[in-house]
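Dear colleague,

I am passing on the structure we spoke about, which you will find just below. My notes on what I found in it follow, and I would be glad if you read them with the model open beside you.

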Amino acid sequence: MLNKISRTEKAYLALVKSLPCSVCDAPGPSSAHHINQHQQYTCVALCYDCHQGPMLGWHGQKRAWLTRKMDELDALNITIKRLVELHLSSLPKSRDVNSF
Ligand SMILES: [Zn+2]
Ligand SMILES: [Zn+2]
């Protein structure tokens, strides 16, 4: 059951993968790094190097992360920020989010 991904989760993952890398800003498409296995909404958008790279990557020696003093939550913060920006830029201009 845990491995079953819902349509909403699939859509979310596709959005995350369209983002630039949350660590080094390399343009997308990125891969989605799961902070917790089976939890789709805490995925981080990462380029290959920052994700799987044997030297730079999270699953390697983490050098890209260490030089920037970043951990998974720092990267998740950036992923979510970019998703919200994406969402805001898709809203009609008349809906000013600053005036609610
Ligand atoms: Zn990167
Ligand atoms: Zn990963």
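Among contacts in the protein chain between residues at least 6 apart in sequence, 41% link residues that are at least 24 apart. Please keep in mind throughout that this is a predicted model, and that the values below are computed from it. The C-alpha trace spans about 45 × 35 × 20 Å along its principal axes, and of the 100 residues in the chain, 21% count as buried. The secondary structure consists of 4 helices and 2 strands, and from the N terminus on these elements follow the order α-β-β-α-α-α.

I begin with the strands. S1, covering residues 31-34, pairs with S2 in the antiparallel sense, and 4 bridges join the two. Within this pairing, His-33 stands opposite Val-44 of S2. Strand S2 itself, residues 43-46, is covered on both faces, since Cys-43 and Ala-45 on one side are buried, as are Val-44 and Leu-46 on the other.

Val-44, which lies in strand S2, deserves a closer look. Why does Val-44 count as buried? There are 27 other C-beta atoms within 10 Å of Val-44, and it is buried because the cut-off for that class is 20 or more. Leaving aside neighbours within four places in sequence, Val-44 is in contact with Ser-22, His-33, Ile-35, Glu-72, Ala-75, Leu-76 and Thr-79. One of these residues, Glu-72, is 28 residues away from Val-44 along the chain, and the C-alpha atoms of the two are separated by 7.6 Å.

The next topic is the nonpolar core. In soluble globular proteins, nonpolar side chains tend to be buried together. The largest nonpolar core here has 15 residues, of which Cys-21, Val-23, Val-44, Ala-45, Leu-46, Cys-50 and Ala-64 touch the most other members. At least two residues of this core come from each of S2 and helix H3 (63-67), and S2 supplies the largest share, with 4 residues. For Ala-64, once its neighbours within four places in sequence are set aside, the contacts are Val-23, Cys-24, Asp-49, Cys-50, Leu-56 and Gly-57.

Some points of backbone geometry in the loops may also be worth your attention. Which peptide bond is cis, with omega near 0 degrees? It is the bond from Gly-28 to Pro-29, and Pro-29 is found in the loop between H1 and S1. His-38, in the loop between S1 and S2, has a phi near 75 degrees, which is a positive value in a residue other than glycine. His-38 counts as exposed because it has 11 C-beta neighbours inside 10 Å, where the limit for that class is 12 or fewer. Lys-62, which is likewise not a glycine, has a positive phi of about 65 degrees, and its place is in the loop between helix H2 (48-51) and H3. With 17 C-beta neighbours inside 10 Å, Lys-62 counts as partly exposed.

Finally, a word on the helix that comes before the strands in the chain. Arg-7 lies in helix H1, which covers residues 7-17, and Arg-7 is exposed, with 7 other C-beta atoms within 10 Å. The C-alpha atoms of Arg-7 and Lys-81 are separated by 22 Å, and the two residues are 74 residues apart along the chain.

With best wishes

Notes:
Residues are numbered from 1 along each chain as its sequence is written. Chains are lettered from A and ligands numbered from 1 in the order in which they are written. This is a predicted model: local features need pLDDT of at least 70, side-chain atom pairs count only at pLDDT 80 or more; totals for chains, interfaces and linings use all residues. Two strands pair if DSSP finds at least two bridges between them. A nonpolar core is a set of buried Ala, Val, Leu, Ile, Met, Phe, Trp, Tyr and Cys residues joined through C-beta atoms within 7 Å. Two residues are in contact if their C-beta atoms, placed from the backbone, lie within 7 Å.
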